[in-house]
Amino acid sequence: MLETPHAVVGGAVAAAVTGATGSIPLGIAAAFASHFVCDTIPHWNPKAPLKRRGVVAFVSADFILGFSATAFFAGQFPDRPEIWLGGLFGMVPDMIMGIRYVFRVRWLKPYEWFHSRYHIEVAPRYGIPTQIVAIALAAWYLASL
């Protein structure tokens with residue numbers, strides 16, 4: 001899944017869990033876990049490792065958009081730091097994958113296997129709409145806080 005849905009869903013999950021339990025660490029952990037749950041939704045993703053400049057630029061722009069969306073919602077609720085942290089931790093699993101690919105970290109190979117094990121990747125015409133729906137639902141929830 002792209003980073004923008006991971007970030008917005010992570011922020012929404014952290015807000016929901018923290019709101020229900022009063023525990024920001026639990027909300028952050030739930031946001032981290034939401035990454036793997038979201039990857040089981042049929043989605044489109046550029047193939048890693050990224051080799052072409054255009055694909056690297058697209059992925060970089062997506063990361064910036066996800067980060068910006070999280071910052072936007074966190075800015076709407078400055079008394080809810082779990083939104084910002086949840087968005088960030090929703091993206092952390094892919095950041096770890098980036099470290100694995102860029103620096104060729106061998107000891108992260110088992111993590112790579114785990115991370116990719118539950119991905120359900122489909123063609124863009126099927127996989128992009130599912131991500132748009134995930135973003136819309138999470139954004140709707142955050143806007144309703």
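Select Trp84 to open the tour: at 29% relative accessibility, this residue counts as partly exposed. Bear in mind throughout that you are looking at a predicted model.

**Stop 1: Trp84 and its surroundings**

Trp84 sits in helix α4. Show everything around its side chain, and skip neighbours within four places in sequence: the contacts of Trp84 are then Phe67, Thr70, Ala71 and Ala74. Now add Phe73, which is 11 residues from Trp84 along the chain, and draw a distance between the two C-alpha atoms; you should get 7.7 Å.

**Stop 2: the aromatic rings**

How many aromatic pairs does the structure hold? There are 7. Start with Phe63 and Phe67, whose ring centres are 6.1 Å apart and whose planes meet at 20 degrees, so this pair is stacked. Angles under 30 degrees are what earn that label. The two residues are 4 apart in helix α3, which separates them by about one helical turn. With 30% relative accessibility, Phe63 counts as partly exposed; Phe67, at 34%, counts as partly exposed too.

Keep Phe67 selected and bring back Trp84. Is their pair stacked or edge-to-face? Phe67 and Trp84 are edge-to-face, with 4.9 Å from centre to centre and 70 degrees between the planes. This pair links distant parts of the chain, as Phe67 belongs to helix α3 and Trp84 to helix α4, 17 residues apart.

Before leaving the rings, select Phe32, Phe36, Phe114 and Tyr118, which together form one aromatic cluster.

**Stop 3: along helix α3**

Colour α3, residues 53-76. This helix has 24 residues and reaches 34 Å from its first C-alpha to its last, close to the 34 Å expected at 1.5 Å a residue. Which residues of α3 are buried? They are Val55, Asp62, Gly66, Ala69, Thr70, Phe73 and Ala74. Turn on the other helices to see what these buried residues pack against: α1, α4 (81-103) and α6.

**Stop 4: the nonpolar cores**

In soluble globular proteins, nonpolar side chains tend to be buried together. To see this here, select Val8, Val9, Phe73, Ile83, Ala138 and Leu142, the residues with the most contacts inside the largest nonpolar core, which has 15 residues. At least two core residues come from each of α1 (3-21), α3 (53-76) and α6 (124-143).

Zoom in on Ala138. Setting aside neighbours within four places in sequence, you will find Ala138 in contact with Val8, Val9 and Ala12. Then move to a second, separate core of 5 residues, among them Met97, Val105, Leu108 and Tyr111.

**Stop 5: Glu82**

Return to helix α4 and pick Glu82. Is Glu82 buried or exposed? Its relative accessible area is 3%, so Glu82 is buried. The Glu82 side chain makes a polar contact with the side chain of Arg80, at 2.4 Å. Leaving out neighbours within four places in sequence, Glu82 is in contact with Ala14, Ala15, Thr18 and Ile24.

**Stop 6: two backbone spots**

Next, follow α1. Its 19 residues should span 27 Å at 1.5 Å a residue, and the end C-alpha atoms are 26 Å apart, which agrees. Just after this helix comes Gly22, with a positive phi near 80 degrees.

Most residues other than glycine have a negative phi. Arg104 is worth a click in that light: its phi is positive, about 50 degrees, although Arg104 is not a glycine. You will find Arg104 in the loop between α4 and α5 (109-117). With a relative accessible area of 68%, Arg104 is exposed.

**Last stop: zoom out**

Finally, show the whole chain as a cartoon. Its secondary structure comes to 6 helices and 0 strands. The radius of gyration is 15 Å, close to the 15 Å that the globule rule gives for 145 residues, so the chain is as compact as a globular protein of that length. Along the principal axes, the C-alpha trace spans about 40 × 35 × 25 Å. Colour by burial and 40% of the 145 residues will show up as buried. Turn to contacts with a separation of 6 or more, and residues 24 or more positions apart account for 75% of them.

Notes:
Residues numbered from 1 in each chain as written. Heavy atoms only, no water. Core = buried A, V, L, I, M, F, W, Y, C linked by side-chain atoms within 4.5 Å. Buried < 20%, exposed > 50% of the residue type's maximum accessible area, 1.4 Å probe, protein only. Contact = heavy atoms within 4.5 Å. Expected span 1.5 Å × (residues − 1). Phe/Tyr/Trp six-rings, centres within 6.5 Å; stacked < 30°, edge-to-face > 60°. Polar contact = N/O pair within 3.5 Å; in protein donor to acceptor, adjacent residues only side chain to side chain. Rg over C-alpha atoms; globule rule 2.2 N^0.38 Å.
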